[in-house]
Amino acid sequence: MLIIGIAGGTGSGKTTVVRKIMERLPQGEVGVISQDSYYKDSSHIPVEERQKINFDEPDAFDWDLLLDHLQQLSEGKSIDMPTYSYLTCTRQEEVVPMGPHDVVLVEGILVLSDERLREMMNIKVFVDADADERLIRVISRDCIERGRTPQMVIDRYESVLKPMHNMHIEPAKHFADLIIPQGGHNEVAINLLTDYIKSQLK
């Protein structure tokens, strides 16, 4: 099984890159795992305290479960991917069944930050984007999907997102085999990566 890690800052365009790759590939042959699904459950934390959770540091993720699921897939087994709600900051009862694939894309802000996970990857990709562009995308997404106001997003960006990006996400760029500037707008890089995946599927 070919494992491709796709990392990058919040709002860098990772999801767009993955979506465009998937649109160019045969349906059902490539699996996608979002690191966001593997946030630790916070249901034991009082509701008012959950808004203070730092979602942009490595400790926020259940790495063991993610690694175990990738190992199972590589052994030809099926998994039940967890689902996570940003509105309640809790892991949901629903799971997403996923069978083994020849190629699996693992996408998330910190997928290149864990050495164990990097060692499982065949290709490591970092999606890069200008900080201003990332902030604009985060404001748009969080206001629509996560019920936050623009001021809440800006405050969180300054207090959490920016320092965590500089501390944990940006340094992981050095582990990348391929850096995609301009995020999901870089059609050349997306096509190159897609062509490589197609060659592996053959």
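Buried means under 20% relative accessible area, exposed means over 50%, and partly exposed lies in between (1.4 Å probe, protein chains only). Helices (H or I, at least four residues) and strands (E, at least two) are DSSP runs, numbered from the N terminus.

Welcome! This is a predicted model, where local features need pLDDT of at least 70, side-chain atom pairs count only at pLDDT 80 or more, and totals for chains, interfaces and linings use all residues. Residues are numbered from 1 along each chain as its sequence is written, and side-chain values use heavy atoms, with hydrogens and water left out.

**Exercise 1. Find the buried and the exposed residues of helix 1, and say what covers the buried ones.**

Step 1. Go to residues 14-23, which form helix 1. Its buried residues are Lys-14, Val-17, Val-18, Lys-20 and Ile-21.

Step 2. See how they are placed around the axis. These residues lie on the same side of helix 1 because they cover an arc of only 165 degrees, taken from the directions from the helix axis to the C-beta atoms.

Step 3. Turn to the other side of helix 1, where Thr-15 and Glu-23 are exposed.

Step 4. Look for contacts (heavy atoms within 4.5 Å). The cover over the buried residues includes strand 1 (2-8), strand 2 (30-34), strand 5 (103-107), strand 6 (123-127), strand 7 (178-180) and helix 7 (187-201).

**Exercise 2. Describe the salt bridge between Arg-137 and Glu-133.**

Step 1. Recall the cut-off: a side-chain nitrogen of Lys or Arg within 4 Å of a carboxyl oxygen of Asp or Glu. The closest N and O atoms of Arg-137 and Glu-133 are 3.6 Å apart.

Step 2. Place the pair in helix 5 (residues 131-145): the two are 4 residues apart, so about one helical turn separates them.

Step 3. Check accessibility. Arg-137 is partly exposed at 27%, and Glu-133 is partly exposed at 36%.

**Exercise 3. How many salt bridges does a search of the whole structure find, and how accessible are the partners in two of them?**

Step 1. The search gives 13 salt bridges.

Step 2. Take Glu-49 and Lys-52, with their closest N and O atoms 3.5 Å apart. Glu-49 is partly exposed at 34% relative accessibility, while Lys-52 is exposed at 62%.

Step 3. Now take Glu-170 and Lys-173, whose side chains meet at 2.7 Å, N to O. Glu-170 is partly exposed at 27%, whereas Lys-173 is buried at 18%.

Step 4. Finish with a network: salt bridges that share partners join Lys-20, Arg-24 and Glu-187. Lys-20 is one of the buried residues from Exercise 1.
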